[in-house]
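Work through the exercises below with the sequence and the coordinates at hand. Each task is followed by its solution.

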Amino acid sequence: MPAARELDIVLFGATGFTGGLTADYLATHAPPGLRWALAGRNADKLETVRDRLASLDERWDELPLLHADVTDPDTLAAVAERARVVITTVGPYLEYGEPLVAACAAAGTDYVDLTGEPEFVDLMWAAHHETAVDSGARLVHACGFDSVPHDLGALFTVGHLPDDQAISLRGVVRLKATFSGGTFHSAMHSFSRRGEMREARSARRSAEPRPEGRSSKPTGARPHRDPVLGYWLLPLPTIDPIIVARSGAALPAYGPRFRYSHFAGTRTLPYAVGGALGAGLLGLAAQVRPLRELALRRVPRGEGPDAARRDASWFTVHFVGEAGGQTVRTKVSGGDPGYTETSKMLAQSALCLAFDDLPPTAGQVTTAQAMGQALIDRLRADGITFEVVA
Ligand SMILES: NC(=O)c1ccc[n+]([C@@H]2O[C@H](COP(=O)([O-])OP(=O)(O)OC[C@H]3O[C@@H](n4cnc5c(N)ncnc54)[C@H](OP(=O)(O)O)[C@@H]3O)[C@@H](O)[C@H]2O)c1
């Protein structure tokens, strides 16, 4: 970690919806002496964000503003070279993300983002993992609701099971929330590229070394009623099971044979059927260009749920882990998953990388692998619960 750099953290994307919330969070939770800056392509918008931050805390009156545009790699290299950790909320990441990953990998700068796009993560592994291993950069994708509660919840749960037995774990997500324009655009873009996503994943699978003597995989899941939790479960093919299984491959605590399945949980069957139909229709619309473009026009970028809606939102992830005849149930829960808690998770991930005593890692790593218990402690201290239920 390059401690000698002029800035601890640079936030790229503060002029957007989630980036703005992340800026507010850092402005109100910065440890004493934090050296941070905002980066973006539009100087006027950056100044407006800085004025808002200064109204929250006058320390940020002179917060440095850096020019950075994803279409100009030199500006990204300059940002990466000045910072210890770069946060980016500039998405869709498949569209805008790679140049900053490349700059951070080359400069040995830690990097955190909010992607939920599996293809992007696999492409970045293929293109920049080795460079980051050599430079010492930790490239940590999916530091928001995708996939922090799932990745750290799985880590927390396996910590209550023996590590010398096969572990079977399922995560069941329940939430009340709405999404921003940026999230909708990223999701539609990602859904429209199923073939490319499969190709990137299989290319990575054939190139990435597997852990010796151990195995870790996401398992195929089918809709059913959970006998332990009593919810109707629908398979949830997000990036989360992939990330959890990667942590399982990296960390011996997940035992010799780790299997993870990931679901949305509903109380009643009609909700489950309605949810499956809605997701199926959206997935279908994403494949058909005119329908996709029509949907994207209706949800503009830069906007998202207001404070009242966020305050009324919540999430819970239940985990059921089984190993050697032992069962453990745990729960991770918090407020608005997509934005209030996501901006907290993202900002705390950056602070954790910058200031905590962490196991030595480099290259593309998961939140469990890079930060693990240190990040759980930070999130717990700010209201996200991790608890053993039974
Ligand atoms: N997985 C999760 O848990 C989760 C949760 C929330 C958000 N997200 C992801 O986070 C991303 C952002 O979402 P959002 O709703 O905050 O999006 P948004 O409001 O549209 O913000 C996008 C940001 O990207 C910037 N940008 C666009 N093109 C740029 C360029 N060429 N150079 C520099 N900056 C550029 C915009 O800057 P300007 O202001 O200059 O246009 C803006 O700051 C999305 O990919 C979304 O999926 C993920």
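Buried means under 20% relative accessible area, exposed means over 50%, and partly exposed lies in between. The model is predicted.

**Exercise 1. Classify Phe184: buried or exposed?**

Step 1. Take the relative accessible area of Phe184, which is 8%. Step 2. Compare with the cut-off: buried means under 20%. Step 3. Phe184 is therefore buried.

Now treat its ring partner. Phe184 forms an aromatic pair with Phe179. Phe179 has 47% relative accessibility, so this residue counts as partly exposed.

**Exercise 2. Find the geometry class of the Phe179 and Phe184 pair.**

Step 1. The ring centres are 5.4 Å apart. Rings pair if their centres lie within 6.5 Å. Step 2. The angle between the planes is 10°. Planes under 30 degrees apart count as stacked. Step 3. The Phe179 and Phe184 pair is stacked.

**Exercise 3. Do the same for Trp36 and Trp60, then place both in the chain.**

Step 1. The structure holds 7 aromatic pairs. In the pair of Trp36 and Trp60, the ring centres lie 5.4 Å apart. Step 2. The planes stand at 80°, so the pair is edge-to-face. Step 3. Trp36 sits in strand S2 (residues 36-40). Trp60 sits in the loop between helix H2 (43-56) and strand S3 (65-67). They are 24 residues apart, and the pair links distant parts of the chain. Step 4. Check burial. Trp36 has a relative accessible area of 2% and is buried. Trp60, at 5%, is buried too.

**Exercise 4. Which polar contacts hold an atom of Arg41, Asp69 or Phe145 against the ligand?**

Step 1. Use the cut-off: N or O atoms within 3.5 Å. Step 2. Arg41 places a side-chain N or O atom 2.7 Å from an oxygen atom of the ligand. Step 3. Asp69 has a polar side-chain atom 3.2 Å from a ligand nitrogen atom. Step 4. Phe145 uses a backbone N or O atom, 3.1 Å from an oxygen atom of the ligand. Step 5. Add the cover: the ligand has 930 Å² of accessible area on its own, and the protein covers 92% of that.

**Exercise 5. Describe the shell around the ligand by composition and origin.**

Step 1. There are 30 residues around the ligand. Thr15, Thr18, Arg41, Ser180 and Ser186 come nearest. Step 2. The shell divides into 11 nonpolar, 14 polar and 5 charged residues. Step 3. The largest share, 3 residues, comes from H8. Step 4. Domain 1 (7-145 + 340-383) and domain 2 (148-337) each give at least three residues to the shell.

Conventions. Residues are numbered from 1 along each chain as its sequence is written. This is a predicted model: local features need pLDDT of at least 70, side-chain atom pairs count only at pLDDT 80 or more; totals for chains, interfaces and linings use all residues. Side-chain values use heavy atoms; hydrogens and water are left out. A residue is near a molecule or strand if one of its heavy atoms lies within 4 Å of it. A polar contact is a pair of N or O atoms within 3.5 Å; within protein, one must be able to donate a hydrogen and the other to accept it, and residues adjacent in sequence count only if both atoms are side-chain atoms. Accessible areas come from the Shrake-Rupley method with a 1.4 Å probe; for residues, only the protein chains shown count as cover. Helices (H or I, at least four residues) and strands (E, at least two) are DSSP runs, numbered from the N terminus. Ala, Val, Leu, Ile, Met, Phe, Trp, Tyr, Cys and Pro count as nonpolar, Asp, Glu, Lys and Arg as charged, and the others, Gly among them, as polar. Domain bounds come from an automatic or database domain assignment. Rings of Phe, Tyr and Trp (its six-membered ring) pair if their centres lie within 6.5 Å; planes under 30 degrees apart count as stacked, over 60 as edge-to-face and the rest as tilted. Buried means under 20% relative accessible area, exposed over 50%, partly exposed in between (1.4 Å probe, protein chains only).
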